[in-house]
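Thank you all for coming; I would like to walk you through one structure that may be new to most of you. Please take a moment to look at the sequence and the model before I begin.

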Amino acid sequence: MRWYEAVRLALQTIRAQKLKSFFSLIGVLIGVTFLIAVVSIVTGMNRYMEDRFANSLIGLNTFMLRQRPAFTSGDVPDDVWRGWMRRPRITYADADFVQQRITTPVTYAKFCSDRGTVTYGTKVAKDMELIGTEPSYFTIKNYKLTAGRPFTAQEVRSAARVVVIGQAMTDKLLEGVDPIGKEVRIGGIPYRIIGTVEKQGTLFGLSLDKFAIFPFSAPGRRMICPINVLDHLIIQASGPGTMVAAMGEAEALMRTRRHLKPGEENNFYLQTSEAALEGWNKISKIMITFLPMLVSISLIVGGIVIMNIMLMAVAERTREIGIRKALGARRRDILAQFVVESATLSALGALLGIGTGILLAFVVRAVTPLPAAIAPWSIVLGVTVGVLVGVVAGVYPANRASKLDPIVALRAE
């Protein structure tokens with residue numbers, strides 16, 4: 001029997017026994033749906049964490065010179081945490097020392113931040129991120145301004161009370177008003193708005209637009225960092241290779257400045273986006289590792305159901321098998337008929353599972369902050385798994401049907 005003929009007969013049987021066929025493929029459908037949906041969500045989360053989380057919080061090809069890690073995965077032992085807190089803070093002098101001696105071409109920005117309140121007249125914007133930094137910060141973060149300008153190096157040197165604000169602050173305090181030139185108060189100190197940053201969107205449902213950026217030397221620095229102290233020095237390179245070289249230089253310079261001996265542990269930390277993603281990467285690997293185990297349970301159940309349905313089909317079609325054998329059908333023809341029918345049934349379930357899995361992934365993306373991105377390899381895997389389950393499940397019933405004695409089969413009622 002030719003394969004396309006076997007597939008045609010299989011499709012005819014599925015059409016004739018719709019309800020039975022549906023219950024046969026439901027196990028495979030659920031397994032493949034789960035496979036596509038979970039892989040899509042994990043793939044989307046990987047991209048989201050790399051493109052939005054790491055780059056929004058740290059920046060592309062960027063690292064930070066800090067007292068201690070800004071992001072940690074898992075519980076940090078108390079003694080480790082106390083050791084971090086005993087480290088000296090990063091000072092203006094530390095930052096200048098590194099900036100003046102690194103030979104790799106990089107961009108720098110001193111940085112301090114904390115949460116605080118900004119007021120405009122009687123209006124109040126609470127829980128805003130107050131950032132003290134340098135003009136290069138706007139380049140590192142790739143901020144585009146919708147109006148006005150960033151502050152200048154001269155304004156940093158003169159500790160000018162100027163501020164660039166995010167869209168959330170504009171909407172909260174100055175809706176319907178041109179913000180440029182208006183005066184807001186940060187910690188009771190008046191600041192003149194000179195620019196507004198375009199909308200940055202959200203990260204896991206949290207706004208990225210609730211900030212006010214002013215020179216780190218301005219009077220408001222007392223609200224975010226002690227005098228002469230920084231949260232970190234941001235250093236951005238032109239590419240991954242340049243960043244590694246710059247990190248090596250920064251580490252060597254800081255060890256020299258801190259008089260650390262060979263083999264002595266660093267009393268500072270170089271934070272990269274890879275470190276920020278470390279926790280998520282562990283979760284992602286666990287999900288991808290255990291996913292086949294979870295999917296396999298559903299597929300095994302689906303395979304058992306298909307096998308039982310095919311055994312019932314053999315029992316119901318015993319007389320048909322006898323007639324076909326009497327008319328000259330060979331054993332391999334009967335074997336092919338039932339194996340192909342089982343594989344077709346399972347593949348159909350896999351195709352429906354792919355469709356429902358993609359639909360489920362898009363529903364998750366639409367109604368939750370979780371992203372979803374369809375991985376082409378998961379679709380290929382879904383179809384392949386579906387066909388394999390059908391073939392394996394159909395071998396025993398098909399073998400049993402092919403061994404029937406034609407005379408005995410013709411006597412069956």
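Let me start with a single residue: is Ser 217 buried or exposed? Before I answer, please keep in mind that this is a predicted model. Ser 217 has a relative accessible area of 16%, and because buried means under 20%, it counts as buried. Its place is in the loop between β11, residues 211–215, and β12, residues 229–230, and if we leave aside its neighbours within four places in sequence, Ser 217 is in contact with Val 156 and Ala 159.

Ala 159 deserves a word of its own. It sits in the loop between α6 (153–157) and β6 (162–165), and with a relative accessible area of 28% it is partly exposed. Most residues other than glycine have a negative phi, but Ala 159, which is not a glycine, has a positive phi of about 55 degrees. Asn 228 is another such case, with a positive phi near 70 degrees, and this residue belongs to the loop between β11 and β12, where it is partly exposed at a relative accessible area of 36%.

Staying with the loop between β11 and β12, I come to the aromatic residues, of which the structure holds eight pairs. In one of them, the rings of Tyr 92 and Phe 216 have their centres 5.2 Å apart and their planes at 85 degrees, so this pair is edge-to-face. Tyr 92 is in helix α4, residues 92–101, while Phe 216 is in the loop between β11 and β12, and the pair thus links distant parts of the chain, 124 residues apart. Both Tyr 92 and Phe 216 are buried.

A second pair has another geometry: the ring centres of Tyr 143 and Phe 211 are 5.5 Å apart and their planes are at 5 degrees, so the pair is stacked. Because Tyr 143 lies in the loop between α5 (136–140) and β5 (145–148), and Phe 211 lies in strand β11, this pair ties together parts that are 68 residues apart in sequence. Tyr 143 is buried, with a relative accessible area of 14%, and Phe 211 is buried as well, at 2%. These two residues also belong to one aromatic cluster, whose other members are Phe 111, Tyr 137, Phe 138 and Phe 151.

How many disulfides does a search of the whole structure find? The search finds one, formed by Cys 112 and Cys 225, with their sulfur atoms 2.0 Å apart. The torsion about the S-S bond is about -100 degrees, so the disulfide is left-handed. Since Cys 112 lies in strand β3, residues 106–120, and Cys 225 lies in the loop between β11 and β12, the pair ties together parts that are 113 residues apart in sequence. Cys 112 and Cys 225 are both buried.

Finally, let me turn to the surface, where Leu 348, Leu 351, Leu 352, Val 383, Val 387, Val 391 and Val 395 form a nonpolar patch with about 480 Å² of accessible area together. Two helices, α12 (331–367) and α13 (376–402), each supply at least two residues of this patch, and the largest share, four residues, comes from α13. One residue of the patch, Val 391, lies in helix α13, and at 30% relative accessibility it counts as partly exposed.

Key: Residues numbered from 1 in each chain as written. Predicted model: local features only at pLDDT ≥ 70, side-chain atom pairs only at ≥ 80, totals over all residues. Heavy atoms only, no water. Patch = residues over 30% accessible without salt bridge, like charges linked within 9 Å, V, L, I, M, F, W, Y side chains within 5 Å. Areas by Shrake-Rupley, 256 points an atom, 1.4 Å probe, with all protein chains shown as cover. Salt bridge = Lys/Arg side-chain N within 4 Å of Asp/Glu carboxyl O. Buried < 20%, exposed > 50% of the residue type's maximum accessible area, 1.4 Å probe, protein only. Contact = heavy atoms within 4.5 Å. Phe/Tyr/Trp six-rings, centres within 6.5 Å; stacked < 30°, edge-to-face > 60°. Disulfide = S-S within 2.5 Å.
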